[in-house]
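Me: I have this chain open in front of me. Please pick one part, look at it closely, and then set it beside the other parts of the chain. Keep it brisk.

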Amino acid sequence: MTGQVAIHHRIGSFSDRWVAYCELQGISYKLVNCLDSDIMKQLGSSAALLWHWDHGDPRDQLMARHVIRTVEMLGVKVFPSTATCWHFDDKIAQKYLLEAIGAPLVYTYVFYDLKEALRWIDRASFPKVFKLRRGAGSNNVRLAHSATEARALAERAFSSGFSAVPHYGQDVLKRYRVAKRRGDLLNVVRRIPRALATIQEKKRMMGREKGYVYFQDFIPENDFDTRVTLIGDRAFAYTRNVRPGDFRASGSGDIVYDIGRINRKCVEIAFDVTRKVGSQSMAFDFVLGEHQQPLVLEVSYAFIPLLVHSCPGYWDSKLNWHEDHVWPQDAILSDLLNEIDRSGQ
């Protein structure tokens, strides 16, 4: 490989492991800042760029897709590629993409006109799941039990709108649940003032979601969902139990690593969709419909690395099982380096 690996370093992101991997393997790398005005100059003769951009950072949301596409035009290999991330944190984009390739998506409805939305609501059956196009960990997801509730959500969507950033109480509660599970309550309490200030700043910068309304069919009788994460030729999978007294599994933190619980059709579908999309990595949220048929709720190029690493192994595209704990960041970088070698850079 000629040229260096350029890494946009953000503490707590995939880049922590990428830097460590390069140093351990003796791979030439340099740190860059993709948000700098002179990023094209910084890349210089780089053969690759790695940037774990964050859906919760307003700057990344504004610029990441544009920088990545431009860098690809220079012939530089990028993770995530445009095919991998253009639909990231945008459930509307994912709807159109998954429908276009024939993926088994939960029936999804989006409207850009209030009158049209209200006409549909009057004919629809309930409950329906209301979502904003942005948000992770079940943020901005709620159940509309009736047409009356759905109408109220639609009318708000076309007036004051919704904040894409979790409200203060929701964020604190989520941090509390995670900290209690880890036995780290004291540190979380200490960080609350800073976390609240960060939320306030994000609310100011990211604005409100309005001008559309998005619903999905509610798929009942699912005590858990299935998360399948594809990286290259590896499929990692685990299940997440639904929160007590709730219908949501994403963000519950109640993870089960039991391969006997995994519907293999989820793995097959994940490989098929990822191949059609041309994505380097793709994390799927599945629920099971009638006759145990897997249905996709949403997808993401990013994920929590530790949860993937904790999987006891992975399937390859031929559904052979490999017993091994793999750091997904290592797999991403290894795949990118192999792609550079194949291209002769």
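Reply: What follows is a close look at one helix and its sheet, and then at the other parts.

The model is predicted. The chain holds 12 helices and 17 strands. Of its 345 residues, 48% count as buried. Take the contacts between residues at least 6 apart in sequence: 65% of them join residues at least 24 apart.

The part to look at is helix α1, residues 15-25. Which residues of α1 are buried? They are S15, W18, V19, Y21 and C22. Viewed down the axis of α1, these buried residues fall within an arc of 160°, so they line one face of the helix. The general rule behind such a face is simple. An α-helix has 3.6 residues a turn, so residues three or four places apart point the same way. On the other side of α1, two residues are exposed: E23 and L24.

What covers the buried residues of α1? The cover includes four strands: β1 (5-8), β2 (29-32), β3 (48-50) and β4 (77-79). It also includes a helix, α12 (328-343). After α1 comes G26, which has a positive phi near 70°.

Now the sheet under discussion. β2, β1, β3 and β4 form an open sheet of 4 strands, in the order β2-β1-β3-β4. The pairing is parallel. β2 and β4 are the edge strands, and each pairs on one side only. Neighbouring strands are turned by 20° against each other on average, with direction ignored. β1 and β2 run parallel and are joined by 4 bridges. At this pairing, V5 stands opposite Y29 in β2. Helix α1 lies across β1, β2, β3 and β4. The helix runs at about 150° to β1.

Next, the other open sheet. Its 4 strands come in the order β5-β10-β6-β7, and the pairing is antiparallel. Why is one side of β5 left without a neighbour in the sheet? β5 (108-111) stands at an edge with a single partner strand, so one of its sides has no neighbour there. β7 (141-144) stands at an edge too, and the result is the same for it. The twist averages 30° from one strand to the next. The partner to look at is β10, residues 213-217. β5 and β10 run antiparallel and are joined by 4 bridges. Here Y109 stands opposite F215 in β10.

Helices lie across this sheet as well. Helix α5 (residues 91-100) lies across β5, β6 (128-131) and β10. The angle of α5 to β5 is about 125°. Helix α7 (residues 147-157) lies across β6, β7 and β10. The angle of α7 to β7 is about 135°.

α7 has a helix partner too: α6, residues 114-123. The two pack at an angle of about 170°, with their axes 10 Å apart. α6 and α7 are therefore roughly antiparallel to each other, since angles over 145 degrees count that way. Which residues meet? From α6 come L114, L118, I121 and D122. From α7 come A147, A150, R151, A154 and E155. The contact residues divide into 6 nonpolar, no polar and 3 charged.

One strand remains: β12, residues 234-241. β12 is mostly covered, with 8 of its 8 residues buried. Both faces are covered. R234, F236, Y238 and R240 are buried on one side. A235, A237, T239 and N241 are buried on the other.

Follow the pairing of β12 next. With β11 (residues 224-231), β12 pairs in the antiparallel sense over 8 bridges. The bridge partner of R227 is Y238 in β12. The hairpin of β11 and β12 has 2 residues between the strands. In that hairpin, G232 takes a positive phi near 60°. β12 also pairs with β13 (residues 255-256), again in the antiparallel sense, over 2 bridges. There, R240 stands opposite I255 in β13.

Back to the chosen helix. α1 turns one face of buried residues inward to its cover, while E23 and L24 are exposed on the other side.

Terms used
Residues numbered from 1 in each chain as written. Predicted model: local features only at pLDDT ≥ 70, side-chain atom pairs only at ≥ 80, totals over all residues. Heavy atoms only, no water. Pairing = 2+ DSSP bridges. Axes fitted to C-alpha atoms, helices over the stretch in contact; angles between N-to-C directions. Contact = heavy atoms within 4.5 Å. Parallel < 35°, antiparallel > 145°, perpendicular 65-115°, else oblique. Nonpolar A, V, L, I, M, F, W, Y, C, P; charged D, E, K, R; others polar. Buried < 20%, exposed > 50% of the residue type's maximum accessible area, 1.4 Å probe, protein only. Arc of directions from axis to C-beta.
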